[in-house]
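Student: I want a close look at a single part here, the nonpolar core. Please build the answer around it.

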Amino acid sequence: MILEQLIDIFLLVFLAIISIAVLRIRDLFTAVMLFGIYSLTSASLFMVLDAADVGFTEAAVGAGISTILMLATISMTGREEKPLKKKGTMLPLAIVVITGATLVYGIMDLPPFGEPDNPVHTHVAPRYIEQSPQEIDVPNFVTAVLASYRGYDTLGEVVVIFTAGVGVMLLIGRRRKRKEGISNE
Amino acid sequence: MSGLGVWNYVIIIFLMMIGLYMVMSSSNLVKKLIGLNVFQTSVFFLYISFGYIEGATGPVMQEGASLYSNPLPHVLILTAIVVGVATTAVGLALSVRIKESFGTIEEDELHTMDSSL
């Protein structure tokens with residue numbers, strides 16, 4: 001079981017290296033492709049942490065759809081990023097270091113990683129695991145919770161996706177009509 | 001807390017801070033959105049680490065298994081991944097519109113244009 005944690009740490013270090021590469025690279029095409037690798041590596045990290053459904057979703061939606069959307073965007077907006085100015089980087093760096101130090105101080109009080117009697121596992125999760133085979137009759141607990149116990153969450157998610165779709169259509173769809181109108185005049 | 005587990009959380013916070021730095025320091029809007037995604041993914045790692053139990057099986061019912069990892073964080077993060085892509089799509093659409101109207105998606109150039117108007 002120590003092996004699982006070693007793979008977990010290894011993949012996280014890998015993700016850290018990829019994110020530093022994304023941060024430093026000026027070519028947006030390379031950055032987007034590296035971000036695709038980042039998403040795929042995070043999908044395998046989710047698999048290591050026993051979250052198969054999350055891994056599938058991240059591989060399909062995160063590594064697939066996000067990368068395609070970003071590639072489509074940089075095809076329209078250009079693939080070169082301007083180099084960073086020296087003057088503007090000190091304040092963000094200071095903020096990041098202070099926030100990071102505070103958060104690292106905060107995690108020292110977290111319950112131990114991977115213990116079965118952590119507070120998070122003692123409240124509703126045992127009920128989902130014990131009762132859902134009788135109540136919902138779906139072998140996958142994640143599906144049972146997603147579609148039934150927390151069905152309103154999923155409904156809210158669908159509303160958010162619908163709103164985002166309408167937003168994207170209003171932002172990009174209207175442009176074509178206006179251009180056609182100009183060419184007709 | 002000690003051992004390997006603490007490194008799990010430390011690296012997650014490192015990733016989070018890289019995402020935050022990318023959002024604050026990059027002037028390109030697409031790069032900012034990539035940074036936002038890096039930040040978001042690190043929050044997902046944090047939640048999934050909370051749900052992980054050492055030696056447990058994944059949350060699918062099996063014969064003979066008694067210890068399952070917590071399904072609740074998985075459900076929350078499934079929803080969050082899909083919502084995250086939806087918001088990224090809106091952000092990218094906004095940057096396409098900004099490119100059309102202003103001819104650039106570099107933030108400092110946009111600021112100079114905005115103040116010269």
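Tutor: What follows takes the core, then one residue pair, then the contact between the chains, and last one chain.

This is a predicted model, where local features need pLDDT of at least 70, side-chain atom pairs count only at pLDDT 80 or more, and totals for chains, interfaces and linings use all residues. Residues are numbered from 1 along each chain as its sequence is written, and chains are lettered from A and ligands numbered from 1 in the order in which they are written.

The largest nonpolar core holds 67 residues. Such a core is a set of buried Ala, Val, Leu, Ile, Met, Phe, Trp, Tyr and Cys residues joined through C-beta atoms within 7 Å. Val145(A), Ile12(B) and Ile48(B) have the most contacts inside it. Chain A gives two or more residues from each of α1 (2-24), α2 (28-48), α3 (52-77), α5 (125-135) and α6 (141-149). Chain B does so from α1 (4-25), α2 (29-51) and α3 (71-102). The largest share, 12 residues, comes from α1(B). Helices are DSSP runs of H or I, at least four residues, and strands are runs of E, at least two, numbered from the N terminus.

Take Ile48(B). Beyond four places in sequence, Ile48(B) touches Phe46(A), Leu49(A), Ala51(A), Val54(A), Pro73(B) and Ile77(B). Contact means C-beta atoms, placed from the backbone, within 7 Å.

Now Phe46(A), in helix α2 of chain A. Phe46(A) is buried because 26 other C-beta atoms lie within 10 Å; the cut-off is 20 or more, with 12 or fewer for exposed and partly exposed in between. With the same sequence neighbours left aside, Phe46(A) contacts Ala51(A), Val54(A), Gly55(A), Glu58(A) and Ile48(B). Glu58(A) is 12 residues away along the chain, yet the two C-alpha atoms are separated by 8.6 Å.

Next, the contact between the chains. It takes 81 residues from chain A and 72 residues from chain B. On the side of chain A, α3(A) supplies the largest share, 15 residues. The predictor gives the complex an ipTM of 0.91 and a pTM of 0.90.

Chain B has four helices and zero strands. Its radius of gyration, taken over C-alpha atoms, is 20 Å, well over the 13 Å from the globule rule for 117 residues, so chain B is more spread out than a compact globule. That rule is 2.2 Å times the number of residues to the power 0.38. Still, buried residues make up 53% of chain B. Its mean pLDDT, the predictor's confidence from 0 to 100, is 89.

Technical notes: Two residues are in contact if their C-beta atoms, placed from the backbone, lie within 7 Å.
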